[in-house]
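Good morning, and thank you for coming. Please look at the sequence and the structure as I go through two topics, a pair of helices and the nonpolar cores.

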Amino acid sequence: MTEDPRLSSPAAHRNRDPILAVLRKVLPETGSVLEIASGTGEHVVHFARALPALSWQPSDPSPEARASVAAHAADSGLANIRPVAALDAARGQEAGAWPVERADAILCINMVHISPWEATQGLMAGASRLLPPGGLLILYGPYLRDGVETAPSNLAFDTDLKARDPRWGLRRLETVSAEAAAHGLGLERMDEMPANNLLLVFRREQGPA
């Protein structure tokens, strides 16, 4: 019997509706959305079903994750989900390294803290290259903030992440925003989300980066 490739994330089921509520407010009515680090694929199916006028492009560097995304997408029967792409965010600084040439918006959920800093740098560089002027980069996850007390649960999570891989860990919002600004992406909106997470919306500048 063939093993079911579909993976499932309890966190994705908990946060998908709060994220969707913000996406409804900020995404364009039509166009293409590239999801970076799609993971199980449950997010992209949920969003594609709720926002059918948008074309969704999932991606992930992991073959196991891509198999899960493909299986969830096939089960959904949705025509607005493109075949999942093999994309490594860290390679965004290399011209032509991403197998996607353009997107009206880019969505990245829970990657920044569970990856080396080079992945965030690549994400910003790639987003700057792909997005049109006015295009959006949307990030979701836990962050540290200057002058804001960090929840004990996030501090414990940060310690656990660094124990698993010293290159991982919660990033400072100010550091992430500065990296984005260096690539022509300005922080336009920040939403407080459940479980001490933030949803950040960066907009591509109208002029050259």
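At what angle, roughly, do the axes of helix α1 and helix α2 cross? Please bear in mind that this is a predicted model. Helix α1 covers residues 10-26 and helix α2 covers residues 42-50; their axes come within 10 Å and cross at roughly 40°. Angles from 35 up to 65 degrees count as oblique, and α1 and α2 are therefore oblique to each other. Their crossing is right-handed.

Which residues make this contact? On the α1 side they are A12, H13, N15, R16, D17, I19, L20, L23 and R24, and α2 supplies E42, H43, H46, F47 and A50. By type, six residues of the contact are nonpolar, four are polar and four are charged.

I turn now to the cores. In soluble globular proteins, nonpolar side chains tend to be buried together. The largest nonpolar core here has 27 residues, and the members that touch the most others are L34, I36, I106, L123, L137 and L139. Two or more residues come from each of β1 (31-36), β3 (105-109), α4 (117-130), β4 (136-141), α6 (173-182) and β8 (197-204). Which element gives the most? That is α4, with five residues.

Let us take L139 as an example. Leaving aside residues up to four places away in sequence, L139 touches C108, V112, L123, M124, V176, L198, L199, L200 and F202.

Finally, there is a second, separate core of 26 residues, with L136, I138, M193 and V201 among them. Thank you for your attention.

Note on methods:
Residues numbered from 1 in each chain as written. Predicted model: local features only at pLDDT ≥ 70, side-chain atom pairs only at ≥ 80, totals over all residues. Heavy atoms only, no water. Axes fitted to C-alpha atoms, helices over the stretch in contact; angles between N-to-C directions. Helix = DSSP H or I, 4+ residues; strand = E, 2+ residues; numbered from the N terminus. Parallel < 35°, antiparallel > 145°, perpendicular 65-115°, else oblique. Left-handed = near helix turned anticlockwise from the far one by under 90°. Contact = heavy atoms within 4.5 Å. Nonpolar A, V, L, I, M, F, W, Y, C, P; charged D, E, K, R; others polar. Core = buried A, V, L, I, M, F, W, Y, C linked by side-chain atoms within 4.5 Å. Buried < 20%, exposed > 50% of the residue type's maximum accessible area, 1.4 Å probe, protein only.
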